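This report describes the secondary structure elements of one protein chain and how they are arranged. The chain itself is shown first.

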Amino acid sequence: MLIVTLASALVAANLVWAQQGQPNAPRVPVSELTEKNFVKTVQTTPFTLVVFFSGNPAESEYEGYLVQQMEYAAGYLSQSGMKGKMASVQAHKNPNLIKQLGVQADARPIMLFRSNSMPQEYFGQRTAESFIRFFSEMQASKPVRTVSTKAEKKKYDEFGFAKVVAYIEPGSSMEKWYTDAGEHFIPLVPFYQVTDKKVAKSLRLKKPGVGYFVKPYEKQISIPSNVTNGRSMIQFIYSNRKQSLMQIRMMEIHLTWSGVMSPNLFMAILKPSSHVGSQFLGTLKSVGKHFGQNRSLHLAWADAESEVQTMLPQWSKTFGRDFPAASASFGFIDMAQNKHTWLNLDADGTLTNPRRVIEWVNAALSGGIELESTRNPQQAEPKTEEEEGEDFDIPEEGAEDEENTRNEL
């Protein structure tokens, strides 16, 4: 996994946000896992969130910050009785474990281990509140949601991110492994089950056993016949998870900046409620359709009026642009070279002309456009007297319904 210095924008934003306050909970030491106790710990704990530290002295400040955030989260988990554990692994002390897991420790990954499923990487924001929300959703969300009423069908239709739906007969073998796969993707990709023939027909599910991986702005992908168990279903989702146009969410924000999708990031920051933002989002959909699953680039957009707005001040510093003031911005970020450039959307016709945007994207990929060096965002400033003592607003478990929580993150 490619991690570059652009990720420092996220680090700085995390530090700023963390200084606004801490959860009203005691700090509990994070469990340090080793080659001797790792397997037993993750197999006997429902959910274990593990951060891997490289041991690089240059990263000691950030590691100290991250340990602090995890300790606050661990304290809240202990106080609230929620299932879950926060843990760490020192990579330089456990080389065999790192090799076995295939972890790139210098990328500072955070992995989620479940007692009954495959591990997965945590791509959410690295703050105590985000960790707590993640665990809350893990335990509040169902592995599979039913779609049998008009209200459930409406919720399914309104969920605007990647999702899976299948027509499954109750009690069938598919129901079991489909549920196992759905549990693995909580809370990122919801799985829906249809049992009613009429509802199935409305979703173009012709017969039991038929299902789709549905991604925004794209043609849905049929679950192939060789997917016959939970593991193969999980692998199917991962192999097709790249989206032609992906909306950035805080719970997946490190996925965009990690280079997992592609080191060539083309990102739009826009206000979809504005006329200009709405127009350019339509243009982006056409651009995404043109490039499809081209793995040489990653096309993403951020809603400047959603929770992602907490990142705008740091992005403005990083790229030298006033994002909150603009209804739409579109840029190329070369994460391998740590450079960037932005398209002039004010040019005549560019805002609504997919061909011009496509030509610009191709020119950027081919090196035909001059790039600027990306700045390192400044570290957080000390708190003011007014900010002293402020606490995070930690949601009570079960206080929000699943759909609102999903859309929030």
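Helices (H or I, at least four residues) and strands (E, at least two) are DSSP runs, numbered from the N terminus. In that numbering, Arg204 lies in the loop that connects α8 (197-202) to β9. Arg204 is not a glycine, yet its phi is positive, at about 60°.

**Confidence**

The model is predicted. Mean pLDDT for the protein chain is 84, and 85% of the residues score at least 70. Two stretches stay under 50: residues 1-21, with 69 contacts beyond four places in sequence, and residues 378-409, with 71 such contacts.

**The sheet from β1 to β5**

One open sheet has five strands, ordered β1-β3-β2-β4-β5, with mixed pairing. Its edges are β1 (31-33) and β5 (120-121), each of which pairs on one side only. Within this sheet, β2 (residues 47-53) runs parallel to β3 (residues 85-90), and six bridges link the two strands. Phe53 has Gln90 of β3 as its bridge partner.

**The sheet from β6 to β10**

Another open sheet, also of mixed pairing, places its five strands in the order β6-β8-β7-β9-β10. Here the edge strands are β6 (144-146) and β10 (221-222), and each pairs on one side only. The parallel pair β7 (residues 163-167) and β8 (residues 191-194) is joined by four bridges. Ala166 is bridged to Gln193 in β8. Helix α6 (residues 150-158) packs on this sheet and touches β6, β7, β8 and β9 (211-214). The direction of α6 makes about 140° with that of β7.

The loop between α7 and β8 holds Pro187. The peptide bond between Ile186 and Pro187 is cis, with omega at about 0°.

**Strands β14, β15 and β16**

Strands β14 (residues 328-334) and β15 (residues 339-342) are antiparallel and share four bridges. They form a hairpin with four residues between the strands. In that turn, Asn338 has a positive phi of about 60°. Asp334 is the bridge partner of Lys339 in β15. Strand β15 also pairs with β16 (residues 372-373), again in the antiparallel sense, over two bridges. On that side, Lys339 stands opposite Ser373 of β16. Lys339 is thus bridged to Asp334 and faces Ser373.

**Helix pairs**

Three helix pairs are listed below with the angle and distance between their axes.

| Helix pair | Angle | Axis distance |
|---|---|---|
| α3 (residues 60-80) and α5 (residues 128-140) | about 40° | 8 Å |
| α7 (residues 173-184) and α9 (residues 230-239) | roughly 45° | within 8 Å |
| α11 (residues 275-291) and α13 (residues 354-365) | roughly 55° | within 9 Å |

The angle of about 40° between α3 and α5 makes this pair oblique. The crossing of α3 and α5 is right-handed. On the α3 side the contact involves Leu66, Gln69, Met70, Tyr72, Ala73, Tyr76 and Leu77, which meet Ala128, Phe131, Ile132 and Phe135 of α5. Ten residues in this contact are nonpolar, one is polar and none is charged.

Helices α7 and α9 cross at roughly 45°, and are therefore oblique to each other. Their crossing is right-handed. From α7 the contact draws on Trp177, Tyr178, Ala181 and His184, and from α9 on Gly230, Met233, Ile234 and Tyr238. By class, six of these residues are nonpolar, two are polar and none is charged.

At roughly 55°, α11 and α13 are likewise oblique, and α11 passes α13 in a right-handed crossing. Phe280, Thr283, Ser286, Val287, His290 and Phe291 of α11 are in contact with Pro354, Val357, Ile358, Val361 and Asn362 of α13. The contact between α11 and α13 contains seven nonpolar and four polar residues, and no charged ones.

Notes:
Residues are numbered from 1 along each chain as its sequence is written. This is a predicted model: local features need pLDDT of at least 70, side-chain atom pairs count only at pLDDT 80 or more; totals for chains, interfaces and linings use all residues. Side-chain values use heavy atoms; hydrogens and water are left out. pLDDT is the predictor's confidence in each residue, from 0 to 100. Contact means heavy atoms within 4.5 Å. Two strands pair if DSSP finds at least two bridges between them. Axes are lines fitted to C-alpha atoms, for helices over the stretch in contact, and angles run from 0 to 180 degrees between N-to-C directions. Angles under 35 degrees count as roughly parallel, over 145 as roughly antiparallel, 65 to 115 as roughly perpendicular and the rest as oblique. A crossing is left-handed if the near helix is turned anticlockwise from the far one by less than a right angle, and right-handed if clockwise. Ala, Val, Leu, Ile, Met, Phe, Trp, Tyr, Cys and Pro count as nonpolar, Asp, Glu, Lys and Arg as charged, and the others, Gly among them, as polar.
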